[in-house]
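User: I would like to go through some of the labels used for this model and see what each one rests on. Please set the values against the cut-offs.
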Amino acid sequence: MEEKTVEYVARLVMEVLNDKQEKGYKVPVGVSARHVHLTQEHVEILFGKGYNLTKKKELMGGQFASNEQVTIVGTKLRAIENVRILGPVRKASQVEISQTDAVKLGVSAPIRESGNTKNSAPIAIVGPQGAVYLKEGCIVAKRHIHMAPADAKAAGVKDGEIVSVKFNNERSTIFNNVQIRVDDSFTLEMHIDTDEANASKIKTGDTGTIV
């Protein structure tokens, strides 16, 4: 057997053994790309008076990916096009990006839980019928795990708790500072952004373990 083949087989065996020995609650991962949340007022500024978002794909918690997309523009007039809007509309508009996006846009987006936009980065949102400028509202989303109450009970965690999650792939990555979010409408899933996923070679559907 060739040396490379032997090394490959040995690595697979070790991964299986580690998985069997590892204790903890298994969590599937979903990789979250940049996206925008809007108020109804801002939807109508961007797309026209009386306009409503149209549904492309159902998401957890009553949310959906809309067919509508916008362009986001940083303070140095650097732009990223075709950014998906997630519905339904919210009480406040916000933009969630990766750190790589922040560098491209030239903004200092803090790492925050979704909805916590106080003193966050300014950003402009451009649609086919108009534009909106947010004095604050651009963040890098804090990694987190969505759980239903039954999942939280089984995992022995509670809403707001901070945990670590290990992924046993060839990068063998442990994510610390992962926030637990519990709600009846949630489906079990850990959310990381595209930077985190690419760096650790993780894709949607992979499974990690709370350690």
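User: Why is Lys-55 called partly exposed?
Analyst: In this predicted model, Lys-55 has a relative accessibility of 47%. Partly exposed covers the range between under 20%, which is buried, and over 50%, which is exposed. The value for Lys-55 lies in that range, so Lys-55 counts as partly exposed.

User: What makes the contact of Glu-58 and Lys-55 a salt bridge?
Analyst: The N to O distance between their side chains is 3.0 Å. The definition asks for a Lys or Arg side-chain nitrogen within 4 Å of a carboxyl oxygen of Asp or Glu. The pair meets that limit and therefore counts as a salt bridge. The structure holds six salt bridges.

User: Why is Asp-101 called buried or exposed?
Analyst: Buried means under 20% relative accessible area. Asp-101 has 6%, so Asp-101 is buried. Its salt-bridge partner is Arg-34, with the closest N and O atoms 3.0 Å apart. Asp-101 sits in helix α3 (residues 99-105) and Arg-34 in the loop between β1 (25-32) and β2 (35-37), 67 residues apart. Arg-34, at 33%, is partly exposed.

User: How do you know which label fits Glu-170, and which fits Lys-201?
Analyst: Glu-170 has a relative accessible area of 56%. Exposed means over 50%, so Glu-170 is exposed. Lys-201 has 47% and is therefore partly exposed. Glu-170 and Lys-201 form a salt bridge, their closest N and O atoms being 3.1 Å apart.

Methods: Residues are numbered from 1 along each chain as its sequence is written. This is a predicted model: local features need pLDDT of at least 70, side-chain atom pairs count only at pLDDT 80 or more; totals for chains, interfaces and linings use all residues. Side-chain values use heavy atoms; hydrogens and water are left out. Helices (H or I, at least four residues) and strands (E, at least two) are DSSP runs, numbered from the N terminus. Buried means under 20% relative accessible area, exposed over 50%, partly exposed in between (1.4 Å probe, protein chains only).
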